[in-house]
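Morning, everyone. I'll take you through helix packing first, then the pockets, then one bent helix. Please look at the model before I start.

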Amino acid sequence: MVQNVFRSGFLVRATHTVLTWVVTLVLFLHDTDLRRCEQRGELLQPALFFLTVVLSVILYFAVSLKDPGFVMMDSEQAPGEETEAMIPDCRQRRCGYCLLQQPMRARHCQTCGRCVRRFDHHCPWIENCVGEGNHRCFLLYLLVQLTALLWALRQALSGVSPIVSWDQWFRVNGVLLVVVVLVGMMSLVVLLLLGCHLYLISINCTTWEFMSRHRISYLKSRDSDDNPFDRGVCCNLWDFCCVCSTVAWERVYQRSLQNSV
């Protein structure tokens with residue numbers, strides 16, 4: 001029973017949700033700009049902040065529960081004969097865990113127990129993989145989450161009262177100081193994550209490919225600065241944001257080999 005609760009991600013998601021609403025409640029109850037706006041009858045800023053927090057929670061559950069692109073059967077995107085002849089180790093490239101034939105750029109996640117298309121990484125905070133099916137949603141979540149965190153940090157700082165006595169200052173501002181530290185740390189983590197993912201998306205590379213290039217069959221034989229999936233920043237961003245269909249990466253790889261000859 002306990003193991004099922006941990007594996008389902010219930011505790012992680014519940015912790016995220018509780019922390020989010022506790023911080024939001026603290027900001028609305030203390031003497032912050034949000035509370036002052038409410039007292040003056042100016043409800044636009046509090047309403048926008050509340051909607052931003054709600055949107056961040058919705059996106060969190062969307063990316064957490066969405067199928068990241070699990071490989072379902074062997075027939076999915078099986079490489080053609082030409083591709084098999086040109087790409088080493090492409091024929092019968094089966095997963096050593098679930099024994100399914102993996103499409104190129106897929107990887108088996110031992111935490112989820114499934115193979116994931118265009119696998120990026122397994123995120124413990126959402127308790128789900130980030131892959132072809134939910135990577136766009138994950139990036140949007142990071143953008144909204146960072147906006148909510150930076151806004152919350154500003155509101156928390158606006159509520160810190162300048163009092164002469166240090167003992168009294170800590171008693172009055174103790175809760176807000178905890179919020180400032182917590183939100184500040186989370187903002188830094190999300191900012192670094194967002195920056196890393198924007199860079200990797202701009203060069204059409206995944207976190208797994210970037211970190212483990214030397215162990216990946218279709219990359220380790222190529223130069224370190226040679227990415228067969230990179231079509232330039234603009235095309236990479238367009239493909240990531242606007243192309244929603246499943247991509248046959250074997251064919252993309254084959255075209256890159258032909259262009260390099």
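Here is what I would like you to see in it.

This is a predicted model, where local features need pLDDT of at least 70, side-chain atom pairs count only at pLDDT 80 or more, and totals for chains, interfaces and linings use all residues. Residues are numbered from 1 along each chain as its sequence is written, and side-chain values use heavy atoms, with hydrogens and water left out.

Helices first. They are DSSP runs of H or I, at least four residues, numbered from the N terminus. Helix 2, residues 10–29, packs with helix 4, residues 44–65, at about 175°, and their axes are 11 Å apart. Axes here are lines fitted to C-alpha atoms over the stretch in contact, with angles from 0 to 180 degrees between N-to-C directions. So helix 2 is roughly antiparallel to helix 4, the term for angles over 145 degrees.

Who makes the contact, meaning heavy atoms within 4.5 Å? From helix 2, the residues include His16, Trp21 and Phe28; from helix 4, they include Phe49, Val53 and Tyr60. By class, that contact has 13 nonpolar, five polar and one charged residues. Nonpolar is Ala, Val, Leu, Ile, Met, Phe, Trp, Tyr, Cys and Pro; charged is Asp, Glu, Lys and Arg; the others, Gly among them, are polar.

Helix 3, residues 33–40, also packs with helix 4, at about 135° and with axes 8 Å apart. That makes helix 3 oblique to helix 4; oblique is what remains after under 35 degrees, over 145, and 65 to 115 are taken out. Asp33, Leu34, Cys37 and Glu38 of helix 3 meet Gln45, Pro46 and Phe49 of helix 4.

Now pockets. A pocket is an open set of points on a 1 Å grid over the protein atoms alone, where a 1.4 Å probe fits, with protein on both sides within 12 Å along at least five of seven lines; lining residues have an atom within 4 Å of a point. The largest has a volume of about 410 Å³, volume being the space filled by probe spheres set on the points. It has 23 lining residues, and Arg118, Asp239, Val243, Val247 and Trp249 are the closest to its centre. The lining divides into eight nonpolar, seven polar and eight charged.

Last, helix 7, residues 166–202. It has a kink of about 65° centred on Asn173, the bend being the angle between axes fitted to the seven residues ending there and the seven starting there. Asn204 follows helix 7, with a positive phi near 55°.

How values were computed
Helix = DSSP H or I, 4+ residues; strand = E, 2+ residues; numbered from the N terminus. Contact = heavy atoms within 4.5 Å.
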